[in-house]
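Let's take a friendly walk through the pockets of this protein. Have the model open beside you as you read.

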Amino acid sequence: MEIHLAPTCDASPLPDWMVLFILHVEDEKPIVPTATPAPLREIVDQLHESGDLPTKKGELRKLYHQTAPLAPRVLIVCVGSKKDCGPETRMRAFLTAARAVCEKPDRTVTWILPDCSGGDSCREEQIVAAATALEMGPETQGLYQKERKKYPYKSATLVTDQRAGQAVEKGQIVGQAINLTRELINRGPHEVTPESFADRAGQVAAEANLQIRILGDDQLEQERMHSMLAVGRGSAHPARLVVLEHRGAGDAPFIGLIGKGVTFDSGGLSLKPSESMKTMKSDMSGAATVLGVMQAVAQLGLPVNVRGYMGLVENMVSGDSYRLGDILTARNGVTIEVMNTDAEGRLVLADVLCYAADDGCEKMIDLATLTGACVVALGEELTGAFTNEQEWLDELLAASKKSGENIWQMPMCDSFAEQLRSEVADCKNIGTRWGGAITAAKFLEKFVDEKPWIHLDIAGPAFRTESKPYREGGASGVMVQTLLQLLES
Ligand code: BES
Ligand code: MN
Ligand code: ZN
């Protein structure tokens, strides 16, 4: 898709859709962008008079066949009220608009962006968000349907007084990264296996010019990653560890992004009930997020050193599956008594975190659909964050404020680690029934070699059960924007 910037709407030819973003003001006329053409302004006034103007966050009005010089179709989007139009609200409005008018192939659109109150940086962020939304909006989870329900735009014009061409490119790169993450998660577990995921990462690396290392069974054995290997042993598809590297800052230390990549989580011998197993193709969301971020980091040429580590296994049942009572020795020598084969994500991450620490990563962030308990605690919208170093997390929280993705910090009290004591090994892989998201984080902490580390439990937001006007159901691509924001700063 081509995206252009224009200072006014009068560029010919007319687009298929003209999209106008307005802000609601209680008991007054709405705030309409300065660049709104006079005839459209009149229509807005009329709709306001008759009480037909959208006034709620994300509310839409479609108008057809207004007289020239307007486009044949006009979409009016209420972003929200003036006071509450931060990054999250703005992105919702943009995604709603992008999803609303792409039901036919090759559509052209003109977006009349809201005026920015916050100066140049606000304007630039707005263009980035608009381009991201235009890339994301038409992509759905209907990957296996004969006919598409939404089609990529042919071209878009953003009407704004800003001439930041780079913001457009950046937004498109971010949107495409999120789409890559979403696509991998949305694809079925019959085709997304550790090997095929690693192959796809190989393609991404070649296209984006990233260094890549792929470790198979033998190398994982050599690297003493017995905890991760045990999880994958019951599967017909052998495990893989993929490492992508972007060196944008010479000899500076590396930041490590570590993703849980369980391509399907049956629970293993601690088998999940069908209801909980239905969405377990999404248990590689952490790894897919890391891949998306790495693609964008390389395409943006960010001046940072980052490595992405994707621990890929399938948790299945067979005569050779790992068992309850098995003692596993992780890469750092810590022995683990397996008390539940469904607490497999932490066994994968244990080895991958050790590997990343040994690989010279100075700071680490892991992403994982780790616990149902985190979804119980925080719901489907929030990412749970855990850390052993508050300043490092504060940086990430600041980035999330800018990206509009919600993160909530969780405690790391030592009492939870006590639950992991074992009579026969250094630790067990599960605790009691309560506070399971925290116990899981305390388990991971044993494997980070005391490096500054953040654990993000994305079990809630990574995969959505239903579609909304502002978002497609299925994979969300959550945290791609926040991580890119962090790496950029
Ligand atoms: N992949 C699941 C966690 C999960 C649950 C992700 C719901 C997304 C939605 C993880 O491997 C798991 O099964 N965790 C167990 C841990 C328990 C056995 C201690 C859980 O949450 O029940
Ligand atoms: Mn599990
Ligand atoms: Zn899992």
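In this predicted model, two domains share the work of lining the second largest pocket: domain 1 (2-161) and domain 2 (176-488) each provide at least three residues. The pocket has a volume of about 390 Å³. To find its centre on your screen, look for Glu125, Val128, Lys170, Lys402 and Gln485, which lie nearest to that point among the 18 lining residues.

Which helices should you follow to reach this lining? Helix 2 (87-100), helix 3 (119-136), helix 4 (165-186), helix 12 (390-403) and helix 15 (480-488) each contribute at least two residues. Helix 3 gives the most, with six residues.

Now turn to the largest pocket, which holds about 910 Å³ of space. Its lining is made up of 33 residues, and the closest to the centre are Lys272, Leu370, Thr371, Gly372 and Ala373. At least two lining residues come from each of strand 9 (254-265), helix 10 (345-358), helix 11 (372-378) and helix 14 (436-445). Here helix 11 is the top contributor, with four residues.

What kinds of residues form the two linings? The table sorts them by class.

| Pocket | Nonpolar | Polar | Charged |
|---|---|---|---|
| Largest pocket | ten residues | 14 residues | nine residues |
| Second largest pocket | seven residues | five residues | six residues |

As you rotate the model, try tracing helix 3 at the second largest pocket, where it gives the most residues to the lining, and then helix 11, which gives the most to the lining of the largest pocket.

Note on methods:
Residues numbered from 1 in each chain as written. Chains lettered and ligands numbered in written order. Predicted model: local features only at pLDDT ≥ 70, side-chain atom pairs only at ≥ 80, totals over all residues. Heavy atoms only, no water. 1 Å grid on protein atoms, 1.4 Å probe; cavity = no way out; pocket = protein on both sides within 12 Å on 5 of 7 lines; lining within 4 Å. Points joined across faces, edges and corners; volume = space filled by probe spheres on them. Nonpolar A, V, L, I, M, F, W, Y, C, P; charged D, E, K, R; others polar. Domains from an automatic or database assignment.
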